[in-house]
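Work through these short exercises with the sequence and the model side by side. Try each task before reading its solution.

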Amino acid sequence: MKKNWFVLGLGALLAFIGVGWTLQGLDVMKGSAMSGVTLWAVVGPLVAIVGLVVLGVGFARLRRVSR
């Protein structure tokens, strides 16, 4: 049961970081060395998608365990 919460937390963290990197890469969040760099505008959404997939796996496991 604890492992499911870890997976959910990891997925949420990855999604949050991915959105942050995307916003920095698109120069929406300024004040960083990452601001306006195209690499982060590309890597950010990929990390966010991985985070959402991990979240989906975590919720599926949580639903399966709670039955």
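## The loop and its surroundings

V28 sits in the loop between α1 and α2. Helices here are DSSP runs of H or I with at least four residues, and strands are E runs of at least two, numbered from the N terminus. The model is predicted: local features need pLDDT of at least 70, side-chain atom pairs count only at pLDDT 80 or more, and totals for chains, interfaces and linings use all residues. Residues are numbered from 1 along each chain as its sequence is written, and side-chain values use heavy atoms, with hydrogens and water left out.

**Exercise 1. Classify V28, and find the surface patch that includes V28.**

Step 1. Take the cut-offs: buried is under 20% relative accessible area, exposed is over 50%, and partly exposed is in between (1.4 Å probe, protein chains only).

Step 2. V28 has a relative accessible area of 55%, so it is exposed.

Step 3. V28 joins V19, L23, L26 and M29 in a nonpolar surface patch of about 420 Å². Patch residues have over 30% relative accessible area and no salt bridge; like charges are joined within 9 Å, and nonpolar side chains (Val, Leu, Ile, Met, Phe, Trp, Tyr) within 5 Å. Accessible areas come from the Shrake-Rupley method with a 1.4 Å probe; for residues, only the protein chains shown count as cover.

**Exercise 2. Describe the setting of D27 and identify its salt-bridge partner.**

Step 1. Place D27. This residue lies in the loop between α1 (2–25) and α2 (38–66). D27 follows α1 and has a positive phi, near 65°.

Step 2. Check exposure. D27 is partly exposed, because its relative accessibility is 33%.

Step 3. Find the partner. D27 forms a salt bridge with K30, and their closest N and O atoms are 3.5 Å apart. The criterion is a side-chain nitrogen of Lys or Arg within 4 Å of a carboxyl oxygen of Asp or Glu. The structure holds 1 salt bridge. K30 is exposed, as its relative accessible area is 64%.

Step 4. List contacts (heavy atoms within 4.5 Å). Beyond its neighbours within four places in sequence, D27 touches S35 and G36.

Step 5. Look along the loop. The C-alpha atoms of D27 and T38 are 9.3 Å apart, with their positions 11 residues apart in the chain count.

**Exercise 3. Is S35 buried or exposed, and which residues does S35 touch?**

Step 1. S35 is also placed in the loop between α1 and α2.

Step 2. S35 counts as buried because its relative accessibility is 18%.

Step 3. Leaving out residues up to four places away in sequence, S35 touches Q24, D27, M29 and K30.

**Exercise 4. Test the length of α1 against expectation.**

Step 1. The expected span is 1.5 Å times one less than the number of residues.

Step 2. For the 24 residues of α1 this should give 34 Å, and the end C-alpha atoms are 34 Å apart, so the two agree.

Step 3. Now mark the buried positions in α1. They include N4, V7, L8, G11 and A15.

**Exercise 5. Judge the overall shape.**

Step 1. Count elements: the protein has 2 helices and 0 strands.

Step 2. The radius of gyration is 14 Å, well over the 11 Å that the globule rule gives for 67 residues, so the protein is more spread out than a compact globule. The radius is taken over C-alpha atoms, and the rule is 2.2 Å times the number of residues to the power 0.38.

Step 3. The C-alpha trace spans about 45 × 15 × 15 Å along its principal axes.
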